[in-house]
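Here's a quick briefing to read with the model open beside you. We'll go through the pocket, then the chain as a whole, then a couple of backbone oddities.

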Amino acid sequence: MLILLPPSEGKEPAGDGDPFDADALQFPELKPHRHQLLAALAEVSRADDALEVLGVGKSLVAEVTRNIELHTEPAAAAHTVYTGVLFEALGYERLEAAARERADASILVISALWGAVGFADRIPAYRLSMSVKLPEIGKLAGWWKPKLTPVLNARAGDDLVVDCRSSTYAAAWVPPASNSVSVSVFQLRGGVRKVVSHFAKHTRGELASHLLTRGAEVATPTELLEAARERWEAELVPGTSRKAHQLNIILPEDHAFKAVGN
């Protein structure tokens, strides 16, 4: 099983420690592309129009400035750098040791800067979205797609791919349709299914956690549906030769969740 996650836009900087080691990251084939983007991002982040190009506000000046020296910034495991609703719901730090090992082995975060990283890969905090268009590179999703496709197709092999990414990051790699399932989350509002972004992120994180902790690994779309139904109302829309299966999780009208720590 391979679980695909989007990164969080905000990142938690490592307090101290060594910089990232390009040779230690998964998928060494991507190393030259990562270096090219690191250089391009540093150049953009030095420019007067950096905030505009990167699509961020003035409150994020410090994060953009950090982009300039990512080779020397302290690095930490990706599961601590990526934060936000989805990652809080997944709760890596709350998992038992066996589930953490499964997370390290089965989760990939699709990244605008790194292409793809595992949960245990050490990276610095950075600010770059897949929707950004960098000078001389263009839209990052389109730039990454031909580079990621052979590498990640080989990594996926015949494994079930559980795709929890947002559409922006899903555009960077399309897994083989026959063994992939995209995850959609809806909440009933007046009897009608509505997409609620906050709940969707949280539920995808909970689904990832559930798959890591339930014991038996899922290997087919049907088994994924059965696993989801252990926690939620769910349905599976069969795929085609070109379109992935779709797992729909339907939350009730009175659905709510408490933030971690509350």
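What volume does the largest pocket have? It comes to about 750 Å³. Keep in mind that this is a predicted model. The protein chain carrying that pocket has 10 helices and 12 strands.

**The largest pocket**

- Its lining takes in 36 residues, and the ones that lie nearest the centre are Cys164, Arg165, Ser166, Ser167 and Arg204.
- Five elements give two or more residues each to that lining: the helices α5 (85–90), α8 (167–170) and α9 (197–213), plus the strands β9 (180–189) and β12 (245–251).
- If you're after the top contributor, look at β9, which gives the most to the lining with 6 residues.
- By residue class, the lining of the largest pocket splits into 18 nonpolar, 11 polar and 7 charged.

**The chain as a whole**

- For 262 residues, a compact globule would have a radius of gyration near 18 Å, and the protein chain has 18 Å, so the two agree.
- Laid out along the principal axes, the C-alpha trace spans about 50 × 40 × 35 Å.
- Buried residues account for 50% of the 262 in the protein chain.
- As for accessible surface, the protein chain has about 12,200 Å² of it, with 50% belonging to carbon and sulfur atoms.
- Take the contacts between residues at least 6 apart in sequence: 68% of them join residues at least 24 apart.

**Two positive phi angles outside glycine**

- Phenylalanine 27 isn't a glycine, yet its phi is positive, at about 60°.
- You'll find phenylalanine 27 in the loop between β1 (2–5) and α1 (31–46).
- Is phenylalanine 27 buried or exposed? Its relative accessible area is 9%, under the 20% cut-off, so phenylalanine 27 counts as buried.
- Glutamate 136 is another non-glycine residue with a positive phi, this one near 65°.
- Glutamate 136 sits in the loop between β6 (133–134) and β7 (138–139).
- With a relative accessible area of 86%, glutamate 136 is over the 50% cut-off and therefore exposed.
- Put side by side, phenylalanine 27 is a buried loop residue, whereas glutamate 136 is an exposed one.

Conventions:
Residues are numbered from 1 along each chain as its sequence is written. This is a predicted model: local features need pLDDT of at least 70, side-chain atom pairs count only at pLDDT 80 or more; totals for chains, interfaces and linings use all residues. Side-chain values use heavy atoms; hydrogens and water are left out. On a 1 Å grid over the protein atoms alone, a cavity is a set of points where a 1.4 Å probe fits but cannot get out, and a pocket is an open set with protein on both sides within 12 Å along at least five of seven lines; lining residues have an atom within 4 Å of a point. Grid points are joined across faces, edges and corners, and a volume is the space filled by probe spheres set on the points. Helices (H or I, at least four residues) and strands (E, at least two) are DSSP runs, numbered from the N terminus. Ala, Val, Leu, Ile, Met, Phe, Trp, Tyr, Cys and Pro count as nonpolar, Asp, Glu, Lys and Arg as charged, and the others, Gly among them, as polar. The radius of gyration is taken over C-alpha atoms; the globule rule is 2.2 Å times the number of residues to the power 0.38. Buried means under 20% relative accessible area, exposed over 50%, partly exposed in between (1.4 Å probe, protein chains only). Contact means heavy atoms within 4.5 Å. Accessible areas come from the Shrake-Rupley method with a 1.4 Å probe; for residues, only the protein chains shown count as cover.
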